[in-house]
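Q: I would like a careful, close look at a single part of this model, the sheet and what is joined to it. Please explain it step by step, as you would to a first-year student.

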Amino acid sequence: PETPGVYLMKSVTGEVLYIGKANSLRKRVQSYLRNRGQMPKVPILMSKVSEVDYIETPTLKQNT
């Protein structure tokens, strides 16, 4: 979705490998798939990712 939220990248066994947040979940996750060569850790991470789950939120602003 284009909404803000949190995404969890998981291995084939269901282990959470990475947690991130984004204003647009769709754009952020797509950036991992398109721009694998930008940061050295991304290709390594993506080679281990089997599933991406997400949790939509109304905003990314943290209330304290």
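A: A helix here is a DSSP run of at least four residues marked H or I, a strand is a run of at least two marked E, and both kinds are numbered from the N terminus. In this predicted model, the protein has two helices and three strands, and reading along the sequence gives the pattern β-β-α-α-β.

The three strands form an open sheet in the order S2-S1-S3, with antiparallel pairing. Strand S2 (16-22) and strand S3 (51-56) are the edge strands, each of them pairing on one side only. Neighbouring strands of the sheet are turned against each other by 20° on average, when direction is ignored. Strand S1, residues 5-10, pairs with S3 in the antiparallel sense over six bridges, and in that pairing Met 9 has Val 52 of S3 as its bridge partner.

Helix H1 (residues 25-34) packs on this sheet and touches S1, S2 and S3, while its direction makes about 30° with that of S1. Helix H2, which covers residues 41-48, lies across S1 and S2 and runs at about 115° to S2.

Now for the side chains that join these parts. Side chains of opposite charge can pair when their charged atoms come close. The count of salt bridges in this protein comes to two.

One of them concerns the sheet itself: the side chains of Asp 53 and Lys 10 meet at 2.7 Å, N to O. Asp 53 lies in strand S3 and Lys 10 in strand S1, so this pair ties together parts that are 43 residues apart in sequence. Asp 53 has 26% relative accessibility and therefore counts as partly exposed, whereas Lys 10, at 18%, counts as buried, because the cut-off for buried is under 20%.

The other salt bridge joins the side chains of Arg 26 and Glu 2, at 3.5 Å, N to O. Arg 26 lies in helix H1 and Glu 2 in the segment before S1, so the pair ties together parts that are 24 residues apart in sequence. Both count as partly exposed, Arg 26 at 46% relative accessibility and Glu 2 at 45%.

To set this part in the whole chain, 25% of the 64 residues of the protein count as buried. Among contacts with a separation of 6 or more, residues 24 or more positions apart account for 50%.

Technical notes: Residues numbered from 1 in each chain as written. Predicted model: local features only at pLDDT ≥ 70, side-chain atom pairs only at ≥ 80, totals over all residues. Heavy atoms only, no water. Buried < 20%, exposed > 50% of the residue type's maximum accessible area, 1.4 Å probe, protein only. Contact = heavy atoms within 4.5 Å. Pairing = 2+ DSSP bridges. Axes fitted to C-alpha atoms, helices over the stretch in contact; angles between N-to-C directions. Salt bridge = Lys/Arg side-chain N within 4 Å of Asp/Glu carboxyl O.
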